[in-house]
Amino acid sequence: MKPANHRDQHSQDERDIRGFLKEGLPPVANTELSRDLWPQMLEKLSRQSAPSLWPARVPWFDWALAALAGAALLVFPGIIPALFYHF
Amino acid sequence: MDLLERFASGDLEAFEALFQQHQREVYAWIIRIVRDSGIAEDLTVETFWRIYRSQARFDPAGSFQAWARRIATNAALDHLRRDRRETELPADLPAAVCPDSAVQHDVRRKIQQAFQLLPAKYRLLATLALIEDEPYNHIAAATGLSANLVKIRVFRAVRMLRKTLGAMGITPGAAS
(Lines give C-alpha, C1' and ligand atoms only; values in the text may rest on other atoms or scores of the structure.)
Protein backbone atom coordinates (compact mmCIF):
# COMPACT_ATOMS: atom_id res chain seq x y z
CA MET A 1 0.00 0.00 0.00
CA LYS A 2 2.81 2.40 0.91
CA PRO A 3 4.40 2.58 -2.56
CA ALA A 4 1.00 3.26 -4.12
CA ASN A 5 0.45 6.07 -1.62
CA HIS A 6 3.86 7.49 -2.46
CA ARG A 7 3.07 7.30 -6.16
CA ASP A 8 -0.22 9.12 -5.61
CA GLN A 9 1.57 11.75 -3.55
CA HIS A 10 4.21 12.20 -6.29
CA SER A 11 1.65 12.61 -9.05
CA GLN A 12 -0.34 15.04 -6.89
CA ASP A 13 2.89 17.01 -6.32
CA GLU A 14 3.59 17.03 -10.04
CA ARG A 15 0.04 18.17 -10.86
CA ASP A 16 0.26 20.99 -8.30
CA ILE A 17 3.62 22.22 -9.59
CA ARG A 18 2.54 21.81 -13.23
CA GLY A 19 -0.52 24.01 -12.75
CA PHE A 20 1.38 26.49 -10.65
CA LEU A 21 4.28 26.79 -13.11
CA LYS A 22 1.95 27.43 -16.01
CA GLU A 23 0.60 30.46 -14.18
CA GLY A 24 4.08 31.96 -13.92
CA LEU A 25 5.56 30.52 -17.10
CA PRO A 26 2.81 29.87 -19.67
CA PRO A 27 3.59 27.56 -22.61
CA VAL A 28 5.08 29.30 -25.64
CA ALA A 29 2.25 30.25 -28.01
CA ASN A 30 4.08 31.33 -31.12
CA THR A 31 6.62 28.76 -32.22
CA GLU A 32 6.58 29.90 -35.86
CA LEU A 33 9.85 31.05 -37.35
CA SER A 34 9.25 34.51 -38.83
CA ARG A 35 12.14 34.57 -41.34
CA ASP A 36 14.48 32.39 -43.29
CA LEU A 37 17.71 31.81 -41.34
CA TRP A 38 19.76 30.60 -44.30
CA PRO A 39 21.53 33.99 -44.81
CA GLN A 40 22.68 33.85 -41.16
CA MET A 41 23.75 30.26 -41.65
CA LEU A 42 25.79 31.18 -44.73
CA GLU A 43 27.41 34.02 -42.83
CA LYS A 44 28.37 31.67 -40.00
CA LEU A 45 29.68 29.09 -42.46
CA SER A 46 31.89 31.63 -44.22
CA ARG A 47 33.06 33.14 -40.92
CA GLN A 48 33.94 29.79 -39.39
CA SER A 49 35.49 28.39 -42.56
CA ALA A 50 37.81 31.38 -43.06
CA PRO A 51 41.42 30.46 -42.34
CA SER A 52 42.46 31.67 -38.93
CA LEU A 53 45.90 32.95 -37.99
CA TRP A 54 45.40 31.50 -34.53
CA PRO A 55 45.37 27.71 -34.16
CA ALA A 56 42.12 25.93 -33.31
CA ARG A 57 40.71 26.76 -29.89
CA VAL A 58 42.50 24.89 -27.17
CA PRO A 59 40.96 24.69 -23.69
CA TRP A 60 42.93 26.54 -20.95
CA PHE A 61 43.38 23.28 -19.09
CA ASP A 62 45.33 21.81 -22.02
CA TRP A 63 47.59 24.88 -22.11
CA ALA A 64 48.15 24.51 -18.35
CA LEU A 65 49.06 20.83 -18.78
CA ALA A 66 51.44 21.65 -21.63
CA ALA A 67 53.09 24.38 -19.51
CA LEU A 68 53.45 21.99 -16.58
CA ALA A 69 54.99 19.33 -18.81
CA GLY A 70 57.39 21.89 -20.31
CA ALA A 71 58.38 23.15 -16.85
CA ALA A 72 58.94 19.57 -15.64
CA LEU A 73 61.25 18.92 -18.59
CA LEU A 74 63.21 22.10 -17.87
CA VAL A 75 63.57 21.41 -14.17
CA PHE A 76 64.23 17.67 -14.49
CA PRO A 77 65.93 17.15 -17.89
CA GLY A 78 66.91 13.69 -16.68
CA ILE A 79 63.37 12.44 -17.35
CA ILE A 80 63.76 13.02 -21.11
CA PRO A 81 65.60 9.72 -21.77
CA ALA A 82 63.04 7.94 -19.58
CA LEU A 83 60.23 9.41 -21.70
CA PHE A 84 61.99 8.30 -24.91
CA TYR A 85 62.35 4.83 -23.42
CA HIS A 86 58.60 4.62 -22.72
CA PHE A 87 57.46 6.03 -26.04
CA MET B 1 22.40 9.33 -54.40
CA ASP B 2 19.64 10.67 -52.15
CA LEU B 3 19.67 13.91 -50.18
CA LEU B 4 20.89 12.43 -46.89
CA GLU B 5 23.72 10.54 -48.58
CA ARG B 6 24.76 13.69 -50.44
CA PHE B 7 24.70 15.61 -47.17
CA ALA B 8 26.79 12.95 -45.41
CA SER B 9 29.35 13.17 -48.17
CA GLY B 10 29.72 16.93 -47.67
CA ASP B 11 27.47 18.40 -50.38
CA LEU B 12 26.62 22.02 -49.43
CA GLU B 13 23.51 22.10 -51.63
CA ALA B 14 22.16 19.04 -49.85
CA PHE B 15 22.87 20.76 -46.54
CA GLU B 16 20.96 23.84 -47.70
CA ALA B 17 18.01 21.69 -48.76
CA LEU B 18 17.96 19.98 -45.34
CA PHE B 19 18.28 23.37 -43.65
CA GLN B 20 15.26 24.68 -45.55
CA GLN B 21 13.26 21.54 -44.73
CA HIS B 22 14.02 21.45 -41.02
CA GLN B 23 14.81 24.98 -39.78
CA ARG B 24 11.22 25.68 -38.72
CA GLU B 25 10.92 22.48 -36.78
CA VAL B 26 14.29 22.94 -35.06
CA TYR B 27 13.39 26.54 -34.17
CA ALA B 28 9.98 25.47 -32.81
CA TRP B 29 11.67 22.91 -30.55
CA ILE B 30 14.34 25.30 -29.30
CA ILE B 31 12.01 28.22 -28.56
CA ARG B 32 9.97 25.98 -26.29
CA ILE B 33 13.11 25.41 -24.22
CA VAL B 34 14.73 28.86 -24.21
CA ARG B 35 11.49 30.92 -24.50
CA ASP B 36 13.09 33.79 -26.43
CA SER B 37 12.72 34.24 -30.18
CA GLY B 38 16.11 35.93 -30.76
CA ILE B 39 18.02 33.33 -28.78
CA ALA B 40 16.06 30.54 -30.47
CA GLU B 41 17.07 31.90 -33.91
CA ASP B 42 20.75 32.03 -32.90
CA LEU B 43 20.58 28.53 -31.46
CA THR B 44 18.88 27.23 -34.61
CA VAL B 45 21.84 28.47 -36.64
CA GLU B 46 24.23 27.04 -34.03
CA THR B 47 22.42 23.68 -34.24
CA PHE B 48 22.83 23.54 -38.01
CA TRP B 49 26.45 24.61 -37.67
CA ARG B 50 27.01 21.63 -35.36
CA ILE B 51 25.13 19.44 -37.83
CA TYR B 52 27.32 20.69 -40.66
CA ARG B 53 30.50 20.06 -38.70
CA SER B 54 29.51 16.49 -37.82
CA GLN B 55 28.02 15.57 -41.19
CA ALA B 56 30.60 12.81 -41.66
CA ARG B 57 29.30 11.09 -38.53
CA PHE B 58 25.69 11.12 -39.76
CA ASP B 59 24.29 7.76 -40.80
CA PRO B 60 22.13 8.35 -43.91
CA ALA B 61 20.04 5.32 -42.94
CA GLY B 62 18.99 7.08 -39.73
CA SER B 63 16.48 9.84 -39.11
CA PHE B 64 17.81 13.33 -39.81
CA GLN B 65 14.91 14.82 -37.86
CA ALA B 66 15.71 12.87 -34.68
CA TRP B 67 19.42 13.61 -35.04
CA ALA B 68 18.78 17.33 -35.54
CA ARG B 69 16.44 17.45 -32.54
CA ARG B 70 19.06 15.84 -30.33
CA ILE B 71 21.71 18.33 -31.43
CA ALA B 72 19.22 21.19 -30.96
CA THR B 73 18.48 19.98 -27.42
CA ASN B 74 22.20 19.92 -26.60
CA ALA B 75 22.66 23.42 -28.04
CA ALA B 76 19.73 24.68 -25.94
CA LEU B 77 21.11 22.94 -22.84
CA ASP B 78 24.51 24.56 -23.39
CA HIS B 79 22.75 27.91 -23.58
CA LEU B 80 20.85 27.25 -20.31
CA ARG B 81 24.14 26.32 -18.63
CA ARG B 82 25.83 29.50 -19.83
CA ASP B 83 23.01 31.85 -19.02
CA ARG B 84 21.49 31.49 -15.58
CA ARG B 85 21.14 35.20 -14.99
CA GLU B 86 17.90 35.84 -16.82
CA THR B 87 14.99 35.79 -14.44
CA GLU B 88 12.28 37.64 -16.31
CA LEU B 89 10.19 36.41 -19.21
CA PRO B 90 11.13 38.19 -22.46
CA ALA B 91 8.62 40.87 -23.35
CA ASP B 92 8.22 39.74 -26.97
CA LEU B 93 6.97 36.29 -26.04
CA PRO B 94 3.21 35.97 -26.34
CA ALA B 95 1.55 33.63 -23.87
CA ALA B 96 -0.64 30.77 -25.03
CA VAL B 97 -2.74 30.85 -21.91
CA CYS B 98 -3.82 34.12 -20.45
CA PRO B 99 -2.48 34.03 -16.89
CA ASP B 100 -5.01 33.92 -14.10
CA SER B 101 -5.67 37.49 -13.01
CA ALA B 102 -5.75 36.36 -9.38
CA VAL B 103 -2.10 35.40 -9.53
CA GLN B 104 -0.17 38.35 -8.27
CA HIS B 105 2.73 39.76 -10.23
CA ASP B 106 5.00 39.10 -7.28
CA VAL B 107 4.03 35.44 -7.14
CA ARG B 108 4.66 35.04 -10.87
CA ARG B 109 8.06 36.63 -10.46
CA LYS B 110 8.88 34.23 -7.65
CA ILE B 111 7.79 31.25 -9.72
CA GLN B 112 10.10 32.43 -12.53
CA GLN B 113 12.95 32.98 -10.07
CA ALA B 114 12.49 29.56 -8.50
CA PHE B 115 12.49 28.02 -11.97
CA GLN B 116 15.67 29.85 -12.94
CA LEU B 117 17.38 28.47 -9.84
CA LEU B 118 17.00 24.90 -11.11
CA PRO B 119 20.21 23.41 -12.55
CA ALA B 120 20.17 23.61 -16.35
CA LYS B 121 19.58 19.90 -17.01
CA TYR B 122 16.56 19.89 -14.66
CA ARG B 123 15.25 23.17 -16.09
CA LEU B 124 15.33 21.73 -19.59
CA LEU B 125 13.39 18.61 -18.58
CA ALA B 126 10.95 20.52 -16.38
CA THR B 127 10.25 23.05 -19.15
CA LEU B 128 9.44 20.35 -21.65
CA ALA B 129 7.54 18.03 -19.30
CA LEU B 130 5.73 20.39 -16.94
CA ILE B 131 5.20 23.55 -18.99
CA GLU B 132 5.12 22.33 -22.58
CA ASP B 133 3.47 18.97 -21.74
CA GLU B 134 5.84 17.08 -24.01
CA PRO B 135 5.50 13.27 -23.55
CA TYR B 136 8.32 11.65 -21.59
CA ASN B 137 9.32 9.39 -24.49
CA HIS B 138 9.75 12.39 -26.82
CA ILE B 139 11.92 14.11 -24.22
CA ALA B 140 13.89 10.90 -23.76
CA ALA B 141 14.55 10.64 -27.50
CA ALA B 142 15.63 14.28 -27.70
CA THR B 143 17.97 14.10 -24.72
CA GLY B 144 19.36 10.61 -25.16
CA LEU B 145 18.16 9.64 -21.66
CA SER B 146 15.84 6.75 -20.86
CA ALA B 147 12.17 7.64 -20.27
CA ASN B 148 12.57 6.42 -16.68
CA LEU B 149 15.50 8.71 -16.04
CA VAL B 150 13.53 11.61 -17.50
CA LYS B 151 10.68 10.83 -15.07
CA ILE B 152 13.09 10.63 -12.14
CA ARG B 153 14.71 13.94 -13.03
CA VAL B 154 11.36 15.66 -13.52
CA PHE B 155 10.34 14.35 -10.12
CA ARG B 156 13.55 15.74 -8.60
CA ALA B 157 12.89 19.07 -10.33
CA VAL B 158 9.39 19.13 -8.81
CA ARG B 159 10.90 18.50 -5.36
CA MET B 160 13.51 21.25 -5.82
CA LEU B 161 10.87 23.70 -7.04
CA ARG B 162 8.58 22.90 -4.12
CA LYS B 163 11.45 23.44 -1.70
CA THR B 164 12.55 26.74 -3.27
CA LEU B 165 8.99 28.04 -3.48
CA GLY B 166 8.43 26.96 0.12
CA ALA B 167 11.47 29.00 1.17
CA MET B 168 9.90 31.96 -0.66
CA GLY B 169 6.72 31.48 1.31
CA ILE B 170 4.69 29.94 -1.51
CA THR B 171 2.99 26.55 -1.26
CA PRO B 172 1.88 25.33 -4.71
CA GLY B 173 -0.86 23.00 -3.50
CA ALA B 174 -2.41 25.66 -1.34
CA ALA B 175 -2.03 28.50 -3.84
CA SER B 176 -3.79 26.89 -6.81
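## Exercises on chain B of a predicted model

In this predicted model, 67% of the contacts in chain B between residues at least 6 apart in sequence join residues at least 24 apart.

**Exercise 1.** Work out which kinds of secondary structure element make up chain B, and what percentage of its residues count as buried.

*Solution.* Begin by counting the elements: chain B has nine helices and zero strands. Reading from the N terminus on, the order is therefore written α-α-α-α-α-α-α-α-α, under the DSSP assignment of helices and strands. Then turn to burial, where 34% of the 176 residues of chain B count as buried.

**Exercise 2.** Describe how chain B is divided into domains, and find which elements supply the side of domain 1 that touches domain 2.

*Solution.* The first step is to place the bounds, which are 3-82 for domain 1 and 105-175 for domain 2 of chain B. Taken over C-alpha atoms, the centres of these two domains of chain B are separated by 25 Å. The contact takes ten residues from domain 1 of chain B and eleven residues from domain 2 of chain B. On the domain 1 side, α2 and α4 of chain B each supply at least two residues, and the largest share, eight residues, comes from α4(B). Sorted by class, this side of domain 1 of chain B has five nonpolar, one polar and four charged residues.

**Exercise 3.** Locate the largest nonpolar core and explain why it lies between the two domains of chain B.

*Solution.* The largest nonpolar core has 49 residues, and those with the most contacts inside it are B:Ile30, B:Ala76 and B:Leu125. Helix α2 of chain B, residues 12-34, gives the most to this core, with nine residues. Because domain 1 (3-82) and domain 2 (105-175) of chain B both give residues to the core, it lies between them. To follow one member outwards, take B:Ala76, which, leaving aside its neighbours within four places in sequence, is in contact with B:Ile30, B:Ile33, B:Val34, B:Leu43 and B:Leu124.

**Exercise 4.** Compare the reach of helix α3 of chain B with its expected span, and find what covers its buried residues.

*Solution.* Helix α3 of chain B, residues 37-53, has 17 residues and reaches 24 Å from its first C-alpha to its last, close to the 24 Å expected at 1.5 Å a residue. Next, list residues of α3(B) that are buried, among them B:Ser37, B:Ala40, B:Leu43, B:Phe48 and B:Ile51. Finally, what covers the buried residues of α3(B) includes α2 (38-49) of chain A together with α2 and α4 (64-82) of chain B.

Definitions and conventions:
Residues numbered from 1 in each chain as written. Chains lettered and ligands numbered in written order. Predicted model: local features only at pLDDT ≥ 70, side-chain atom pairs only at ≥ 80, totals over all residues. Core = buried A, V, L, I, M, F, W, Y, C linked by C-beta atoms within 7 Å. Buried ≥ 20, exposed ≤ 12 C-beta atoms within 10 Å, placed from the backbone. Helix = DSSP H or I, 4+ residues; strand = E, 2+ residues; numbered from the N terminus. Domains from an automatic or database assignment. Contact = placed C-beta atoms within 7 Å. Expected span 1.5 Å × (residues − 1). Nonpolar A, V, L, I, M, F, W, Y, C, P; charged D, E, K, R; others polar.
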